[in-house]
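Dear colleague,

I am handing over the structure below, and my notes on it follow directly after. Please read them with the coordinates open beside you.

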Amino acid sequence: QLVVVSEPHPNLPDPSLPPAWHNTTRANAAFVILTRNKELDDVRWTMRQLEARFNHKFNYPYVFLNDEPFTEEFKELTRGMTNAKIQYGIIPHGHWSYPEWIDVDKATALREQMGREGVIYGDNLSYRHMCRFESGFFFRHPLMLEYDYYWRVEPSVDFYCDIDYDPFLYMKENKMKYGWTISLFEYESTVRTLWPTVKNFMKEYPDLIPENNLIDFVTNDGGDTYNMCHFWSNFEIADLNWLRGPAYLRYFEYLDRAGGFFYERWGDAPVHSIAAAIFLNKTEVHFFDDIGYRHNPFTHCPTRRELQKKCHCNADDNFDYSAYSCMRRWEEVTRD
Ligand code: GDP
Ligand code: MN
């Protein structure tokens, strides 16, 4: 048999339907990318995949944020990657600096000590500003105020699969507030006092903590200790109004006052994840299995055949059931 005529690819969209971008029902949403000018090539790498796999059909806008002004080169060479609107914002100084209650000498000494102990980013101050900004401020940057949902993107991440529906609308229609694709264990040395601080917060504000929450995702002993599980926040699709609401803001303020963003090295991933776990229930948090994704060194690659065939990742690289993954805990906690 010399010629094999294959059936029409079952995966192609039904040609009798209008292309996805003809669908006028849209969420009020944007990509948000915190980045530096020197990461331009990595940003372009990622935008290329995001556009090809999803956004050329949907044209959701991009918001780029930076603690320094973006260069003309950065703007011109990102502008060229999409037809969608792009906004470039500078972060207000107060959102990327020490709050006045922080003892700077103490913070410096503890940071240098963490560096000597070999903790990853242990001696890095700008990394701490980044984590605090992503924990408490990006969603109230002036450019973000007009949006209801965000998709966080980082330079150099990969998107492997065709996304033939609108994840923002999916979140909205299902009243979901937080979506993720990789979960894993945090380095304990970066969050030593985070959970004790959260426990004090929950004691002081019991009215903010709903009964049927997901707290067991982050604790194995009924709330006594943190099990280090968190959603990897370099990918998030979530509800901005949840973060801008009174519960999250009071929580962030409480953590910020405690000083752990500077005296330790609290990451925005455990901070967001613990918030999702204590404030939300399992119907409000969504695992996006269908979004194949890589942020070095971990990959989420769908393994179900129906999903896999829309993707260019290797299902053998899927991180979900490897030793550092929190997928098993997620499944235990969300099982009916
Ligand atoms: P990691 O993923 O934890 O290793 O940290 P990254 O270096 O990827 O930083 C997380 C995000 O914050 C990325 O989108 C970076 O581009 C961004 N970022 C980190 N540090 C800075 C900084 O000093 N300035 C700006 N503008 N962006 C930063
Ligand atoms: Mn990163």
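Strands, as the word is used here, are DSSP runs of E with at least two residues, numbered from the N terminus. In that numbering, Pro 297 belongs to the loop between strand 11 and strand 12 (298–300), and the peptide bond that leads into this proline from Asn 296 is cis, with omega near 0°. Please keep in mind throughout that this is a predicted model.

Strand 11 (residues 293–295) also holds His 295, one of the residues at the metal site. The manganese ion (ligand 2) is coordinated by the NE2 atom of His 295 and by an OE atom of Glu 154, at 2.0 to 2.2 Å. These two residues link distant parts of the chain, for they lie 141 residues apart, with Glu 154 in the loop between strand 4 (149–152) and strand 5 (158–159). Both Glu 154 and His 295 are buried.

Turning to the helices, I looked at how helix 12 (residues 327–334) is buried, and found that its buried residues are Met 327, Arg 329, Trp 330, Val 333 and Thr 334. Seen down the helix axis, these residues fall within an arc of 160°, so they line one face of helix 12. As a reminder of the geometry behind such a pattern, an α-helix has 3.6 residues a turn, so residues three or four places apart point the same way. The cover over the buried residues of helix 12 includes strand 6 (178–180), strand 7 (183–185), strand 8 (229–231) and strand 10 (285–287).

A helix pair also deserves a look: helix 8 (residues 246–258) packs against helix 10 (residues 268–279) at an angle of about 135°, with the axes 11 Å apart. The two helices are therefore oblique to each other, and their crossing is right-handed. On the side of helix 8 the contact is made by Ala 247, Tyr 248, Tyr 251 and Leu 255, while helix 10 contributes Pro 270, Val 271, His 272, Ile 274, Ala 275, Ile 278 and Phe 279.

Lastly, there are two backbone details to check. Asn 59, in the loop between helix 1 (40–58) and strand 2 (62–66), has a phi near 55°, a positive value in a residue other than glycine, and Asn 59 is partly exposed, with a relative accessible area of 28%. Lys 175, which sits in the loop between helix 5 (167–173) and strand 6, likewise is not a glycine and has a positive phi of about 55°; Lys 175 is exposed, at a relative accessible area of 63%.

With best regards

Technical notes: Residues numbered from 1 in each chain as written. Chains lettered and ligands numbered in written order. Predicted model: local features only at pLDDT ≥ 70, side-chain atom pairs only at ≥ 80, totals over all residues. Heavy atoms only, no water. Buried < 20%, exposed > 50% of the residue type's maximum accessible area, 1.4 Å probe, protein only. Helix = DSSP H or I, 4+ residues; strand = E, 2+ residues; numbered from the N terminus. Arc of directions from axis to C-beta. Contact = heavy atoms within 4.5 Å. Donors = N, O, S within 2.8 Å, 3.2 Å for Na, K, Ca; no water. Axes fitted to C-alpha atoms, helices over the stretch in contact; angles between N-to-C directions. Parallel < 35°, antiparallel > 145°, perpendicular 65-115°, else oblique. Left-handed = near helix turned anticlockwise from the far one by under 90°.
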